[in-house]
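Colleague: I'm new to this one and would like a close look at a single part: the aromatic rings that pair up with each other. Could you walk me through them, with enough background that I don't get lost?

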Amino acid sequence: MTARALAGMLGAALLGGCFSFSVQTPGEPLPPQELRMRTETRQFAAQMSESVQRTADAIAAQSTDPAVRAAALRWKLGTSVATRRSAYRSVPRHALVDTWAFAEQMERFLREGSGRELLGERQADAVKEAARLAEEARSLAKRHLDSTQLARNGDLVRELATNEPLADLDFVRAPVALSAVLAGAQPPATAGSATDVAADAIERFDVYGHSIPDEARWRTELLIGESGIKGSDVARLLTRTDETLRRIYELAETEPGKAAALLEEARADLQRGWAQVDQRWVETLGVLQAERAALARTLESAQTALDATIQRERTAFYAALSQERTGFASDAERFTVRVVEEARSIAREAMFWFFLAIALVLGTTFAIGFVLGRATQRGGRDQGG
């Protein structure tokens, strides 16, 4: 270890309070207002989905019409998917406005659009719930947007609800244009710091874990209902088969010829019945397999996007760390040079004062001796005279 490096380490240890550095995570953190907007928008979306589920379940429980019950199931399924898509857009203001727009579109769809008769006698309950949610979405926007932004985005929401109405309960829709929400300004250059991005990814996968299993179950219920397979149909088929077999057994003892003919007829009837059930099950399972493949692709796409984001943030973090390390080494080098130079200056000054003190001591002693010697010689001459 060189003397220069040793001096630098010693100086840094002794004067550590005078020199510090920090490593900042890459990316600009989102402002607190943006974080609150994102959090409250996602909370509202979750509450919106849960409210629709409760209302739809109540409508289904109070109705005996299969079409109404299927429509209620589709309503909560479509709402769950649409609210997740709108509330989890990357730019918080875009997510807020798009969630507001979906609430307005759903209210119009159920009140005066294509869905105004889907829920039969319970339609008023659905309209009332949708109107309440649309009003809460407007209140949420008022809390986070200034008067100018509220007026401009309110026009966007009304225009979208009027010109692009929802067609059915699948709620397939185009989002509000990001450029229109931002009034022509450039979107943010970052979705937040590395910590913000990680927290956002965790929250996204958490909502996927809670909502997608429910959505898959609702889709299965819809497919089974639409397939036409009913437990009562299967039970009737089994009862008829059992009755036929009993009659064949009775005829086998008295009229074997008739029993053989009846057996052949029963076999053909049973084959037709179970072939129909098998066909419906094959169709249902095929659609379920397609739904599962689509879900797997969605999750894979989300995982790929998350991996890319994490890799990008990790690369940026290590680049920032390397830059900080380089800067620290440069600062430490300059600090070491300064410590060494100051040490040399102090050493030179100390040697100067040391030799000056010796010179003063020796000079003073010599001067005192000289003065005392002269005084003694002068005193001796005065006594001799």
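**A close look at the ring pairs**

Modeller: Let's start with how the chain connects to itself: taking contacts between residues at least 6 apart in sequence, 80% of them join residues at least 24 apart. Keep in mind that this is a predicted model. The protein has 10 helices and zero strands, so to speak a plain run of α-α-α-α-α-α-α-α-α-α when you read along the sequence. Of its 385 residues, 31% are buried. The accessible surface comes to about 24,000 Å², and carbon and sulfur atoms hold 59% of that.

Now for the rings. How many aromatic pairs are there? The count is two. One of them is made by Phe102 and Phe171, sitting edge-to-face with 5.4 Å from centre to centre and 70 degrees between the planes. If you look for these two along the chain, you'll find Phe102 in helix α4, which covers residues 92-111, and Phe171 in the loop between α6 (147-163) and α7 (178-181). They are 69 residues apart, and the pair links distant parts of the chain. Are they buried or exposed? Phe102 and Phe171 are both buried.

The other pair brings Phe171 back, this time with Phe109. Here too the arrangement is edge-to-face, with 5.7 Å between the centres and an angle of 85 degrees between the planes. The edge-to-face label applies because the planes are over 60 degrees apart. Phe109 lies in helix α4, while Phe171 is in that loop between α6 and α7, and 62 residues separate them. This pair, too, links distant parts of the chain. Phe109 is buried, as is Phe171.

Put the pairs together and you get a cluster: Phe102, Phe109 and Phe171 are linked by ring pairs. So on your screen, try picking out Phe171 in its loop between α6 and α7, then follow its ring pairs to Phe102 and Phe109.

One more loop residue is worth a glance while you're there. Ser63 sits in the loop between α2 (32-61) and α3 (66-87). Why does Ser63 count as buried? Its relative accessibility is 13%, and buried means under 20%. Setting aside neighbours within four places in sequence, Ser63 is in contact with Val68 and Arg69.

Note on methods: Residues are numbered from 1 along each chain as its sequence is written. This is a predicted model: local features need pLDDT of at least 70, side-chain atom pairs count only at pLDDT 80 or more; totals for chains, interfaces and linings use all residues. Side-chain values use heavy atoms; hydrogens and water are left out. Helices (H or I, at least four residues) and strands (E, at least two) are DSSP runs, numbered from the N terminus. Buried means under 20% relative accessible area, exposed over 50%, partly exposed in between (1.4 Å probe, protein chains only). Contact means heavy atoms within 4.5 Å. Accessible areas come from the Shrake-Rupley method with a 1.4 Å probe; for residues, only the protein chains shown count as cover. Rings of Phe, Tyr and Trp (its six-membered ring) pair if their centres lie within 6.5 Å; planes under 30 degrees apart count as stacked, over 60 as edge-to-face and the rest as tilted.
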